[in-house]
Amino acid sequence: MKRTLAIGGTLAAAAGLLATAMVSTPAQAANNYKVKETLAGTSNVAQQVAFFWSSKTLEEATPYNVEPVVSAKHVSTGGFAGSSKPGVVPAIGDEKKTTSKSKNVNLPMNIGKVFFLGADGKPHWCTGTSVQSKYRNLVATAGHCAYDTKSSKATLDKWIFVPGYYKGKSPWGIYVGKQAFTHYDFDVYEDGDRDYAFVTVYNGINIGGDKAVDKKAYDAYTGDKQTISQEVTAAEFAEKYTEDGPYWKETVPGGTQVDPPADAAAKRWEYIKKGIDGVKLTADEVTGAQYKAAPNASTAMKNGEKWGFRGDHWVRISLREYHELSKAKKAGTFKGDLQVKRGKRVVEAFKKQYFVKKWVKDAAEKYYKDTYIIREITDAGRLGDRVGGQGMAYNQKLGKNVFMFGYPSGSHPDGTKPFTGQVAKWSYGKTFGATAPSMKAEELQGLKSSFTGEGSMGSAWLLNYSNARRLGYLNGVTIALADRDNNQRIDTSLSPYFDGETYGVYAQAANVWSGSIL
């Protein structure tokens with residue numbers, strides 16, 4: 001969608017600049033087209049985001065399906081006029097130009113997936129790319145893969161970047177988004193011509209695999225940890241149950257409440273473990289206010305007395321469980337309390353539940369055993385130091401060859417599904433002008449490609465890509481796909497045309513520091 005914005009001065013080409021002065025901000029450039037939003041504003045919040053994403057959660061995420069297929073038209077004549085002179089910013093490690101040749105197409109180390117919770121509250125992903133920046137902490141992707149275009153929230157929740165993602169693995173660490181930068185026209189009008197985002201990320205963290213430990217080691221550990229409950233048989237529970245855990249039970253709704261038997265105190269263990277003549281002593285969960293008003297425990301063991309050993313104390317939980325319980329508490333299905341606080345090393349989440357005694361007859365029960373899991377955490381360093389970063393190109397002529405790298409996934413309109421989205425793929429061709437009215441987009445660039453939708457959103461378009469160095473110049477990001485010949489097969493990828501205003505948004509993001517979360 002065309003709008004005129006006054007930009008005084010000239011956008012200087014950055015080719016040949018040193019890394020310490022890599023990205024220059026346009027002289028006298030107007031700031032009214034740049035928008036900045038916070039994703040995770042503090043290290044505490046960033047830790048909550050990072051620890052939310054386990055290897056299992058990454059694998060369970062699905063491609064972000066936000067209208068990936070549109071009707072597009074090839075602009076066969078002319079080209080887009082850049083808002084200033086063409087320019088490039090060199091890639092990390094490529095500040096001093098070198099030349100080399102290679103026959104094979106080597107995938108860039110700095111291509112990966114961005115993960116987040118969509119407007120539906122479920123985990124999704126797009127493609128993202130590490131790009132050059134002053135603090136080596138910048139990721140480029142499609143605007144709708146960082147900004148929430150489906151709800152009233154400004155940005156997508158729990159946003160991370162995983163470079164080199166492969167089947168649930170994060171070989172170079174997890175990088176939590178701190179701030180997202182985009183164009184005003186996309187933020188306000190959802191203008192497809194400006195559907196791009198540049199996201200600053202914190203230093204990455206490496207999260208080790210799950211390690212089961214005993215309760216003593218679990219309580220002493222100061223890193224990320226969680227308790228996993230697994231259902232067991234009634235026989236195992238009866239044999240191994242103690243008040244100190246790790247076995248516990250819950251009563252299935254049903255049965256009849258009865259008065260405590262005369263031998264309740266003397267035979268309480270039997271009533272807890274197996275029951276006598278169908279009568280069992282169970283724990284009934286209540287709210288904190290109800291628990292406070294309940295009578296204290298006594299030898300009479302009456303219904304409604306506090307049962308302190310089952311609750312009324314803070315229990316460490318994973319941040320993923322904290323997220324799920326927070327939703328349950330809002331829905332009224334979780335009666336306990338939650339809190340998050342800074343521990344010795346990391347942010348820690350806790351729950352507190354409240355229970356009173358309840359005698360029931362002929363009630364069904366479920367039995368569980370807790371397993372105590374810890375995860376080792378280390379600082380992975382700055383994104384660009386680990387995997388490098390692509391350069392940046394803007395105001396380039398159409399008709400140039402580019403490589404496109406991403407994680408295509410989803411089906412062609414005819415139902416065939418050639419890509420899984422689990423590994424990165426590449427495509428190659430010449431750019432051409434295109435429009436997509438349904439996206440309010442009049443100045444797009446297109447590329448002939450069979451990449452299918454959803455996961456390919458945010459794919460990197462790299463100009464002058466070197467196979468040997470695995471570096472090039474980012475000149476576009478996929479925002480939509482098209483079947484231009486209407487044969488039920490995707491044949492075109494679409495990207496905003498990167499002009500001087502794109503560089504202005506990039507330059508602002510590329511000069512912002514983020515820091516570490518540990």
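**Helix 8 and its surroundings**

In the predicted model, helix 1 and helix 8 pack with their axes 7 Å apart and at an angle of about 100°. Because angles of 65 to 115 degrees count as roughly perpendicular, helix 1 is described as roughly perpendicular to helix 8. The contact is formed by Gln-47, Gln-48, Phe-51 and Phe-52 on the side of helix 1, and by Leu-319, Arg-320, Tyr-322 and His-323 on the side of helix 8. Two packed helices are described by the angle between their axes and the distance between the axes.

Helix 8 itself comprises 13 residues, 319-331, and its span from the first C-alpha to the last is 18 Å, close to the 18 Å expected at 1.5 Å a residue. At the start of the helix, a side-chain oxygen of Ser-318 comes to within 3.0 Å of the backbone nitrogen of Glu-321, while at the other end helix 8 is followed by Gly-332, a residue with a positive phi near 85°. The buried residues of helix 8 are Leu-319, His-323, Leu-325, Ser-326 and Ala-328; of these, Leu-319 and His-323 also take part in the contact with helix 1. The elements against which the buried residues of helix 8 pack are helix 1 (43-52), strand 5 (111-117), strand 8 (157-163), strand 17 (315-317), strand 18 (337-342) and strand 19 (347-352).

Strands 17, 18 and 19 belong to an open sheet of three strands, in which the order is 17-19-18 and the pairing is antiparallel. Strand 17 and strand 18 are the edge strands of this sheet, each of them pairing on one side only, and the twist from one strand to the next averages 35°. The antiparallel pairing of strand 18 with strand 19 extends over six bridges, and within strand 19 it is Phe-350 that serves as the bridge partner of Gln-339. Helix 8 packs on the sheet, where it touches strand 17, strand 18 and strand 19, and the direction of helix 8 makes about 140° with that of strand 18.

A further open sheet of three strands has the order 15-20-16, again with antiparallel pairing. Its edges are occupied by strand 15 (256-257) and strand 16 (279-286), each of which has a single partner strand, so that one side of each is left without a neighbour in the sheet. Strand 16 pairs with strand 20 (residues 354-361) in the antiparallel sense over eight bridges; in this pairing, Ala-283 has Lys-357 of strand 20 as its bridge partner.

Backbone conformation was also examined in two loops. Most residues other than glycine have a negative phi. Asp-362, although not a glycine, has a positive phi of about 60°, and this residue is located in the loop between strand 20 and strand 21 (365-375). With a relative accessible area of 61%, Asp-362 is exposed, since the threshold for that class is over 50%. Gln-488, likewise not a glycine, has a positive phi of about 70° and is found in the loop that lies between strand 31 (480-482) and strand 32 (492-496). The relative accessibility of Gln-488 is 40%, and this residue therefore counts as partly exposed.

Conventions
Residues numbered from 1 in each chain as written. Predicted model: local features only at pLDDT ≥ 70, side-chain atom pairs only at ≥ 80, totals over all residues. Heavy atoms only, no water. Helix = DSSP H or I, 4+ residues; strand = E, 2+ residues; numbered from the N terminus. Expected span 1.5 Å × (residues − 1). Buried < 20%, exposed > 50% of the residue type's maximum accessible area, 1.4 Å probe, protein only. Contact = heavy atoms within 4.5 Å. Polar contact = N/O pair within 3.5 Å; in protein donor to acceptor, adjacent residues only side chain to side chain. Pairing = 2+ DSSP bridges. Axes fitted to C-alpha atoms, helices over the stretch in contact; angles between N-to-C directions. Parallel < 35°, antiparallel > 145°, perpendicular 65-115°, else oblique.
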